[in-house]
Amino acid sequence: MNEIIYVTDVRPLEGLRIRATFSDGAIKEIDLSSLLAAGGVFAPIYDRREVFEQVAVNPESGTVEWPGEVDLDPEVLYGRYEPASGHRIERRTVREPATAAK
């Protein structure tokens, strides 16, 4: 059984991409442009680079979040699930999970 994944570190990259480190040691670069372009609660993040760059990890929940209590599920970011909205998230694995060698 897979354990629950959470984010331990996140950094904004060029465009609307982030680099997230996950609890299993994996590091992924994640393109959020399609998801954020949908607007709604994501509009300020999409429209203003300075808001996008305020991305952080919520230490209590292990989610990626922005000001205004906008957050993203770590398991969606990881790639276990796709967003309920149907928007695609493209991911590139930078480092495989540490547990993959078992």
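Me: Which residues does K28 touch, leaving out those up to four places away in sequence?
Reply: In this predicted model, K28 touches I18, R19, A20, F22, Y78, R92, T93 and V94.

Me: Where is K28 found?
Reply: K28 belongs to strand 3, which covers residues 27–31.

Me: Is K28 buried or exposed?
Reply: K28 is buried, and it has no salt bridge.

Me: Which side chain of opposite charge is nearest to K28, and how far away is it?
Reply: That side chain is E96, at 6.6 Å. A salt bridge requires the nitrogen and the carboxyl oxygen to be within 4 Å, so K28 and E96, 6.6 Å apart, do not form one.

Me: What does the side chain of K28 reach at 3.0 Å, then?
Reply: It reaches the backbone oxygen of Y78 at that distance. Y78 is also among the residues that K28 touches.

Me: Changing topic: how many salt bridges does the structure hold?
Reply: The structure holds seven salt bridges. One of them joins the side chains of E29 and R19, with N and O 2.4 Å apart. This pair links distant parts of the chain, since E29 lies in strand 3 and R19 in strand 2 (residues 17–22), ten residues apart.

Me: Is E29 buried or exposed?
Reply: E29 is buried, because its relative accessible area is 10%, and buried means under 20%.

Me: And what about R19, how accessible is that one?
Reply: R19 has a relative accessible area of 22%, so it counts as partly exposed.

Me: Which residue besides R19 forms a salt bridge with E29?
Reply: R92 forms a salt bridge with E29, and the closest N and O atoms are 3.0 Å apart. This pair also links distant parts of the chain: R92 is in strand 7 (residues 90–95) and E29 is in strand 3, with their positions 63 residues apart.

Me: Why does R92 count as partly exposed?
Reply: R92 counts as partly exposed because its relative accessibility is 46%, and exposed residues are over 50%.

Me: Which residue does E82 meet in a salt bridge?
Reply: The side chain of E82 meets that of R91, at 3.4 Å from N to O. E82 is partly exposed, with a relative accessible area of 38%. R91 is partly exposed as well, at 25% relative accessibility.

Me: Which residues are joined into one network by salt bridges that share partners?
Reply: That network consists of R17, R19, E29 and R92. Two of its members, R19 and R92, also appear among the residues that K28 touches.

Notes: Residues numbered from 1 in each chain as written. Predicted model: local features only at pLDDT ≥ 70, side-chain atom pairs only at ≥ 80, totals over all residues. Heavy atoms only, no water. Helix = DSSP H or I, 4+ residues; strand = E, 2+ residues; numbered from the N terminus. Buried < 20%, exposed > 50% of the residue type's maximum accessible area, 1.4 Å probe, protein only. Lys, Arg positive; Asp, Glu negative; His and termini not counted. Polar contact = N/O pair within 3.5 Å; in protein donor to acceptor, adjacent residues only side chain to side chain. Contact = heavy atoms within 4.5 Å.
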